Amino acid sequence: MLAEFEASFSQIHQSFFENLQKDFPRLTHAEKRLCAFIRLNLSTKEIAMVMNQDPNSVRIARVRLRRKLGLTSKSESLSEFLSRY
């Protein structure tokens, strides 16, 4: 199911994963998938349900992702940042 999601997402947002990979080559596959869910404005609870994870695990993953993307300021939203890709 997740593979189908990634294929469909890539068709709609054609260069999203390529641009992320270019700017942040150290992102893991799971982190890129999380970026896609955030780009679709899914809530932490919704992402947790789709990925079959605890919401706290998703919250921690979001914090780590913010750090990897260099978003140290709380003033910039992760979803707003990813919407530019």
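What share of the 85 residues of the protein chain counts as buried? In this predicted model, the share is 34%. The accessible surface of the chain comes to about 5,600 Å². Carbon and sulfur atoms account for 50% of that surface.

The protein chain holds 6 helices and 0 strands. Read from the N terminus, the order of elements is α-α-α-α-α-α. Contacts between residues at least 6 apart in sequence were then examined. Of these, 51% join residues at least 24 apart.

The largest nonpolar core has 21 residues. Within this core, L20, L65, L69 and L82 touch the most other members. Two or more residues each come from α2 (16–23), α3, α4, α5 and α6 (78–83). Helix α3 gives the largest share, 5 residues. The surroundings of L69 show how parts of the chain meet. With residues up to four places away in sequence left out, L69 touches F24, L27, L78, F81 and L82. L82 is thus a contact of L69, and both L69 and L82 are among the core residues that touch the most other members.

Helix α4 spans residues 44–51. Its buried residues are T44, I47, A48 and M51. Viewed down the helix axis, these residues fall within an arc of 100 degrees, so they line one face of α4. K45 and M49, on the other side of α4, are exposed. The cover over the buried residues of α4 includes α3 and α5. These two helices also appear among the elements that give two or more residues to the largest nonpolar core, as does α4 itself. After α4 comes N52. The phi angle of N52 is positive, near 55 degrees.

Aromatic side chains were considered next. The structure holds 4 aromatic pairs. One of them joins F16 and F17 in an edge-to-face arrangement. The ring centres of F16 and F17 lie 5.5 Å apart, and their planes meet at 70 degrees. F16 counts as buried because its relative accessibility is 0%. F17 is also buried, at 18% relative accessibility; the cut-off for buried is under 20%. Elsewhere, F24, F81 and Y85 form one aromatic cluster. Two members of this cluster, F24 and F81, are among the residues that L69 touches.

Charged side chains complete the picture. Side chains of opposite charge can pair when their charged atoms come close. How many salt bridges does a search of the whole structure find? The search finds 2. One forms between E31 and K68, with the closest N and O atoms 2.8 Å apart. This pair links distant parts of the chain. E31 sits in helix α3 (residues 29–39), whereas K68 sits in helix α5 (residues 55–68), and 37 residues separate them. E31 counts as buried because its relative accessibility is 16%. K68, at 36%, counts as partly exposed.

The other salt bridge joins E76 and R84. Here the closest N and O atoms are 2.1 Å apart. E76 is partly exposed, with a relative accessible area of 25%. R84 counts as exposed, at 57% relative accessibility. The cut-off for exposed is over 50%, so R84 falls in that class at 57%.

Conventions
Residues are numbered from 1 along each chain as its sequence is written. This is a predicted model: local features need pLDDT of at least 70, side-chain atom pairs count only at pLDDT 80 or more; totals for chains, interfaces and linings use all residues. Side-chain values use heavy atoms; hydrogens and water are left out. A salt bridge is a side-chain nitrogen of Lys or Arg within 4 Å of a carboxyl oxygen of Asp or Glu. Helices (H or I, at least four residues) and strands (E, at least two) are DSSP runs, numbered from the N terminus. Buried means under 20% relative accessible area, exposed over 50%, partly exposed in between (1.4 Å probe, protein chains only). Contact means heavy atoms within 4.5 Å. Accessible areas come from the Shrake-Rupley method with a 1.4 Å probe; for residues, only the protein chains shown count as cover. The arc is that of the directions from the helix axis to the C-beta atoms. A nonpolar core is a set of buried Ala, Val, Leu, Ile, Met, Phe, Trp, Tyr and Cys residues joined through side-chain atoms within 4.5 Å. Rings of Phe, Tyr and Trp (its six-membered ring) pair if their centres lie within 6.5 Å; planes under 30 degrees apart count as stacked, over 60 as edge-to-face and the rest as tilted.
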